[in-house]
Amino acid sequence: MGLNDTPSADRVHIGFFGCRNAGKSSLVNAVTGQSLAVVSDVAGTTTDPVYKSMELLPLGPVVIIDTPGIDDTGELGELRVTKTRQVLAKIDVAVLVVDGSVGLSETDRELTELFKEKNINYIIAYNKSDLVNDDTRDQNSVENSIWVSAEHRQGIEELKELIGRLTVTDTMTRRLVGDLIQPGDMVVLVIPIDSAAPKGRLILPQQQVIRDVLETGAMAVVCRDTELEDTLRRLEGKVSLVVTDSQAFAKVMKLVPDDVYLTSFSILMARFKGQLDAAVKGAHVLDRLRGEGQRTAGDEAGKAPKILIAEGCTHHRQCDDIGTVKLPGWMREYTGLEPEFTFVSGTEFPEELAGYDLVIHCGGCMLNEREMKSRQGRAEQQNIPMTNYGTAIAHMNGILDRSLRIFQTKVNI
């Protein structure tokens, strides 16, 4: 991915929902101007959610998601419906496609209630407008509804305009680091290059921070942890902020002068996703696990604590993978315990979290704000603390307060 590309996590996610043969896929094709989805008169043609990242005027970078019919039946149909419901965790706006010649079904009404429950902005798109008269349209029209004809391309531009008005997200205006620095500041970014680093590229948070530093008019100096001491010596007195990969915290904190702000890419990402406060609270649960405070339910039962470690993306695991190897090792050393670890990645984040003492999530750079908030909300509803990699690692190294100092000083968080 180039520095000018918009990652999926920062794109507006638009989901198309509805009953089978309402014309979802036809409407998706009409809105995108592409043959994105397979269209057929056979009910249930769309078997899995179809994702497409694209530029959609007048909205800009978006992810379009075409889902299977919510009224699918049978054992396989239930699996498709489950996949469709999972999409709700990540969308910024929903388009409920209704067969205008039939009208709202009970299933459609249940979907609208689900949108409301999950606080999702939604539009009711009555398709097949060419098959109904004006009286029928007037009787069925409600707020944020629109009549369209996917077949005849009627009302498509108006639908896109309506989607645009409902798709304002916090990350559209939020900055990763730009509000913490000034033009002309020197920012050192510490990026270890080891066996776990992707060959020939930087990971997404590193790219995004570099871009944000440049857009602010500050200067980004990038080095490995092995060259950090020499870099700081050469830039003595000029560095405003050091941002490090979380796994290098222990080494980096010993080299960065106390009067220079220090934080990590993962902590910046937690703030960007609106989860930093919860992540800080969750990190302190590690002290309870080792007996420095109220004991957990797992401890009281005489059982090892259960820890869920979740990553938003899927990748090939290396022998020294941070999520499955390094982080569990650091936790064993810090707590003096042998926790029971469960590892999930991608879309596998469980609905039920009961039984876990703590959830530790990656920075979530590959997940949009809506999905990260959904996962955080799921944990809060079930009273399960949740933190992230960088916050937990900073706490275990005794420098969490220092890594948060720049937010408290610069933006009074």
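## Buried helices, crossing helices and a cavity

The chain has 16 helices and 14 strands. Helices are DSSP runs of H or I of at least four residues, strands are runs of E of at least two, and both are numbered from the N terminus. This is a predicted model, in which local features need pLDDT of at least 70, side-chain atom pairs count only at pLDDT 80 or more, and totals for chains, interfaces and linings use all residues. Residues are numbered from 1 along each chain as its sequence is written, and side-chain values use heavy atoms, with hydrogens and water left out.

Of the 413 residues of the chain, 53% count as buried. Buried means under 20% relative accessible area, exposed means over 50%, and partly exposed lies in between, with a 1.4 Å probe and protein chains only. Contacts, meaning heavy atoms within 4.5 Å, often span the sequence. Among those between residues at least 6 apart in sequence, 71% join residues at least 24 apart.

### Two enclosed helices

Helix α1 covers residues 24-32, and eight of its nine residues are buried, so α1 is largely enclosed by the rest of the structure. The buried residues are K24, S25, L27, V28, N29, A30, V31 and T32. Their cover includes the strands β1 (12-18), β2 (50-56), β3 (60-66), β4 (93-99) and β5 (121-127). Helix α5 (156-165) is also part of that cover. G33 follows α1 and has a positive phi, near 70 degrees.

Helix α15 spans residues 389-396. Eight of its eight residues are buried, so α15 too is largely enclosed by the rest of the structure. They are Y389, G390, T391, A392, I393, A394, H395 and M396. Just after α15 comes G398, with a positive phi of about 75 degrees.

### Two helix crossings

How are α1 and α5 set against each other? They are roughly perpendicular, a label for angles of 65 to 115 degrees; angles under 35 count as roughly parallel, over 145 as roughly antiparallel, and the rest as oblique. Their packing angle is about 85 degrees, and their axes are 9 Å apart. Axes here are lines fitted to C-alpha atoms, for helices over the stretch in contact, and angles run from 0 to 180 degrees between N-to-C directions. L27, A30 and V31 of α1 make the contact with I156, L159 and K160 of α5. Those residues divide into five nonpolar, no polar and one charged. Ala, Val, Leu, Ile, Met, Phe, Trp, Tyr, Cys and Pro count as nonpolar, Asp, Glu, Lys and Arg as charged, and the others, Gly among them, as polar.

A second crossing involves α6 (residues 204-216) and α9 (residues 265-272). Their axes come within 10 Å and cross at roughly 75 degrees. That makes α6 roughly perpendicular to α9. On the α6 side, P205, Q206, Q208 and V209 take part; on the α9 side, F265, L268 and M269. By class, this contact has five nonpolar, two polar and no charged residues.

### Loop residues

V256 sits in the loop between α8 (249-255) and β10 (261-264). V256 is buried, at 5% relative accessible area. Leaving out residues up to four places away in sequence, V256 touches L228, L232, V242, L262 and R402. V256 and L232 are 24 residues apart in sequence, yet 7.7 Å apart in space, C-alpha to C-alpha.

Two other loop residues have a positive phi without being glycine. Both count as exposed.

| Residue | Loop | Phi | Relative accessibility |
|---|---|---|---|
| N119 | between α3 (106-117) and β5 | near 55 degrees | 62% |
| R153 | between β6 (145-147) and α5 | about 55 degrees | 52% |

### The largest cavity

A cavity is a set of points, on a 1 Å grid over the protein atoms alone, where a 1.4 Å probe fits but cannot get out. Grid points are joined across faces, edges and corners, and a volume is the space filled by probe spheres set on the points. The count comes to two cavities of 30 Å³ or more. The largest has a volume of about 70 Å³.

Which residues line the largest cavity? They are A270, Q275, A279, H361, C362, G363, M372, Q376, M386, T387 and N388, where a lining residue has an atom within 4 Å of a point. Helix α14 (369-381) and strand β14 (386-388) each supply at least two residues of the lining. The largest share, three residues, comes from β14. By class, the lining has five nonpolar, six polar and no charged residues.

Technical notes:
On a 1 Å grid over the protein atoms alone, a cavity is a set of points where a 1.4 Å probe fits but cannot get out, and a pocket is an open set with protein on both sides within 12 Å along at least five of seven lines; lining residues have an atom within 4 Å of a point.
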